[in-house]
Amino acid sequence: TDLGSVRRLAGDYLGAARAQEQAMVIYRDLGSRRGQANALNYLGSARRAMADCPGSVEALEQALSIYRDLRDRLGQANALNELGETRLHTDDYPGAARAQEQALGIYRDLGSRLGQAHALCYLGDVRQAMGDYSGAAEVVEQALSIYRELRDRRGQATALNYLGNVRQAMGDYPGAAEALEQALGICRDLGDRRGRANALYYLGNVRRLAGDYPGAAQALEQAQIGRASCRERV
């Protein structure tokens, strides 16, 4: 299971899925229901990264069912969080919103601040896809506030990227650029090359829309180099 998680972080999604499938079989042989659910949850995430959304939904719904049988509330919230993200990828926006809102409610009941922040970010992504830009900005700003309270720098960068995107959609290009430049600075501090490349890509798009074509070209060229570098490392 841990090997699968590491492979996913390294971008080896096929290897991640294979490791989780092996883990799931062993947990099943041992009669470990919680182990099966955990492996299925990670498997759903890996399959989504491979663009196998039907396979992702299948694994996550199985994980959710087991967590409910075990009355594992944290497991349910984690599975719902992943399920909401997968449903967003299939354009099932109402289903994605329901899953994220359920996850958020459970995290709040459990007092999990980090879980709340993750769910709020994903809920913002769903609301933006549904055209509710003000609602998206509201929940992403809540997530950013929690990440700052927790001093979670990587979470802050993620939330700032989401915030930059929704501000761009609202036509607030200066606000979008400000958020994305903050995300870029954090990613540079952390040595997160993939995150840095993503922030540069989003920033390049904002600069292009704002009419800053030289600045847009510079950011997008750096993003392209960064993404190529990440692929080489994998």
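Is A51 buried or exposed? In this predicted model, A51 is exposed, as its relative accessible area is 63%. The residue is placed in the loop that joins α3 (33-49) to α4 (53-69). Its backbone is also notable, since A51 is not a glycine and yet has a positive phi of about 70°. Most residues other than glycine have a negative phi. A second case is found at D91, another residue other than glycine, where phi is positive and near 65°. D91 belongs to the loop between α5 and α6. With a relative accessible area of 53%, D91 is likewise exposed, because the threshold for that class is over 50%.

The overall architecture is helical. The secondary structure of the chain consists of 12 helices, with 0 strands. Read from the N terminus, the order of elements is accordingly α-α-α-α-α-α-α-α-α-α-α-α. The C-alpha trace extends over about 60 × 40 × 30 Å along its principal axes. The radius of gyration of the chain is 18 Å, in agreement with the value near 17 Å that a compact globule of 234 residues would have. Of these 234 residues, 46% are classed as buried.

Salt bridges were examined next. Side chains of opposite charge can pair when their charged atoms come close. The structure contains 11 salt bridges, of which three are described here in turn. One of them joins the side chains of D109 and R73, with an N to O distance of 2.9 Å. D109 is part of helix α6 (residues 93-110), whereas R73 is part of helix α5 (residues 73-89), so this pair ties together parts of the chain that lie 36 residues apart in sequence. The two partners fall into separate accessibility classes: D109 is exposed, at a relative accessible area of 59%, while R73, at 35%, is partly exposed.

Another salt bridge is formed by the side chains of R113 and E149, where N and O are 2.6 Å apart. Here too the pair links distant parts of the chain, with R113 in helix α7 (residues 113-129) and E149 in helix α8 (residues 133-150), 36 residues apart. R113 is partly exposed, with a relative accessibility of 32%. E149, by contrast, is exposed, with a relative accessible area of 52%.

The third pair to be described brings together the side chains of D192 and R154, at an N to O distance of 2.9 Å. D192 is located in the loop between α10 (173-190) and α11 (193-209) and R154 in helix α9 (residues 153-169), so the contact ties together parts that are 38 residues apart in sequence. D192 counts as buried, because its relative accessibility of 18% is below the 20% limit for that class. R154 is partly exposed, with a relative accessible area of 47%.

Covalent cross-links between cysteines are absent, as the structure holds 0 disulfides. C53 takes part in no disulfide, and the nearest cysteine sulfur, which belongs to C121, lies 20 Å away. C121 is itself in no disulfide; its nearest cysteine sulfur is that of C187, at 13 Å. These distances may be set against the limit of 2.5 Å that a disulfide requires. C53 is buried, with a relative accessible area of 11%, and C121 is buried as well, with a value of 2%.

Finally, the open space in the model was considered. Rolling a probe the size of a water molecule over the atoms shows where empty space is left. The largest pocket encloses about 2000 Å³. Its lining is made up of 50 residues, and those closest to the centre of the pocket are R8, L9, Y122, T158 and R194. By chemical class, the lining of this largest pocket comprises 20 nonpolar, 18 polar and 12 charged residues.

Notes. Residues numbered from 1 in each chain as written. Predicted model: local features only at pLDDT ≥ 70, side-chain atom pairs only at ≥ 80, totals over all residues. Heavy atoms only, no water. Buried < 20%, exposed > 50% of the residue type's maximum accessible area, 1.4 Å probe, protein only. 1 Å grid on protein atoms, 1.4 Å probe; cavity = no way out; pocket = protein on both sides within 12 Å on 5 of 7 lines; lining within 4 Å. Points joined across faces, edges and corners; volume = space filled by probe spheres on them. Nonpolar A, V, L, I, M, F, W, Y, C, P; charged D, E, K, R; others polar. Salt bridge = Lys/Arg side-chain N within 4 Å of Asp/Glu carboxyl O. Helix = DSSP H or I, 4+ residues; strand = E, 2+ residues; numbered from the N terminus. Rg over C-alpha atoms; globule rule 2.2 N^0.38 Å.
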